[in-house]
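I open this notebook to record what I looked up in one chain. The entries follow the order in which I consulted the model.

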Amino acid sequence: MSFFYDFFLYLYLDNRQPMTNLLKECLVCGKPLKGRSDKKFCNDYCRNVYNNQAKAVDNGIIRNINNALKKNRQILASLIETEKITVRIHRDQLVNLGFQFKWHTHLYTTQKGATYYFCYDYGYLPTSGDGCLVVRGKETR
Ligand SMILES: [Zn+2]
């Protein structure tokens with residue numbers, strides 16, 4: 001019994017080693033990697049390329065969210081005329097203007113428990129019937 005076990009273990013180990021070596025390739029250029037099994041890149045150049053790409057993706061994500069937040073603020077600001085402090089609007093109208101409800105910079109909860117969603121200095125309070133009460137933050141008044 002022990003012989004067969006050792007025999008199969010030998011086959012398993014013998015097959016496994018070349019398989020893992022075959023799968024190990026530089027994440028950037030695809031060259032086969034030699035040396036340490038935790039290596040991901042063939043050289044510093046490929047490591048830098050990879051890290052710069054990762055950074056560029058991060059920057060792209062941040063830029064997209066910042067742009068969405070700025071657009072949200074611009075939409076809210078455009079609704080409030082100079083003499084008005086609040087405006088009521090249906091949620092769908094905001095969506096039609098390009099407002100993205102998932103992005104906001106901070107929340108403000110009143111003592112009565114109403115939570116306003118702010119995009120910088122402009123915000124809204126969700127009201128009944130899918131309405132929104134758009135407000136200008138105190139910091140601009
Ligand atoms: Zn490489």
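**Entry 1: The cover over helix H2**

I began with the buried residues of helix H2 and noted that S1, S3, S4 and S5 are among the elements that cover them. I should record at once that the model is predicted. I then asked which residues of H2 are buried. They are Asn72, Arg73, Leu76 and Leu79.

I also looked up the extent of the helix. H2 covers residues 44-79, which is 36 residues. From its first C-alpha to its last, H2 reaches 52 Å, close to the 52 Å expected at 1.5 Å a residue.

**Entry 2: The chain as a whole**

I next listed the secondary structure and found 3 helices and 5 strands. Along the sequence, the elements follow the pattern α-α-β-α-β-β-β-β. I looked up burial for the whole chain: of its 141 residues, 10% are buried. I also looked up contacts between residues at least 6 apart in sequence, and 36% of these join residues at least 24 apart.

**Entry 3: The sheet**

In what order do the 5 strands stand in the sheet? I read the order as S1-S5-S4-S3-S2, in an open sheet with antiparallel pairing. S1 and strand S2 (106-109) stand at the edges with a single partner strand each, so one side of each has no neighbour in the sheet. The twist from one strand to the next averages 30 degrees. As background, I noted that strands of a sheet pair through backbone hydrogen bonds, either parallel or antiparallel.

**Entry 4: Strand pairs**

I went through the pairs one by one. Strand S1 (residues 86-90) and strand S5 (residues 131-136) run antiparallel and are joined by 5 bridges. Within this pair I located histidine 90, whose bridge partner in S5 is glycine 131.

Strand S4 (residues 122-127) also runs antiparallel to S5, with 6 bridges between them. Here leucine 125 stands opposite leucine 133 in S5.

On strand S3 (residues 115-119), I found 3 bridges to S4, and these two strands run antiparallel. Cysteine 119 has tyrosine 122 of S4 as its bridge partner.

**Entry 5: The hairpin**

Which residue takes a positive phi in the hairpin of S4 and S5? I found that glycine 129 does, with a value near 70 degrees. The hairpin has 3 residues between its strands.

Notes: Residues are numbered from 1 along each chain as its sequence is written. This is a predicted model: local features need pLDDT of at least 70, side-chain atom pairs count only at pLDDT 80 or more; totals for chains, interfaces and linings use all residues. Two strands pair if DSSP finds at least two bridges between them. Helices (H or I, at least four residues) and strands (E, at least two) are DSSP runs, numbered from the N terminus. A residue is buried if 20 or more other C-beta atoms lie within 10 Å of its own, exposed if 12 or fewer, and partly exposed in between; C-beta atoms are placed from the backbone. Two residues are in contact if their C-beta atoms, placed from the backbone, lie within 7 Å. Axes are lines fitted to C-alpha atoms, for helices over the stretch in contact, and angles run from 0 to 180 degrees between N-to-C directions. The expected span of a helix is 1.5 Å times one less than its number of residues.
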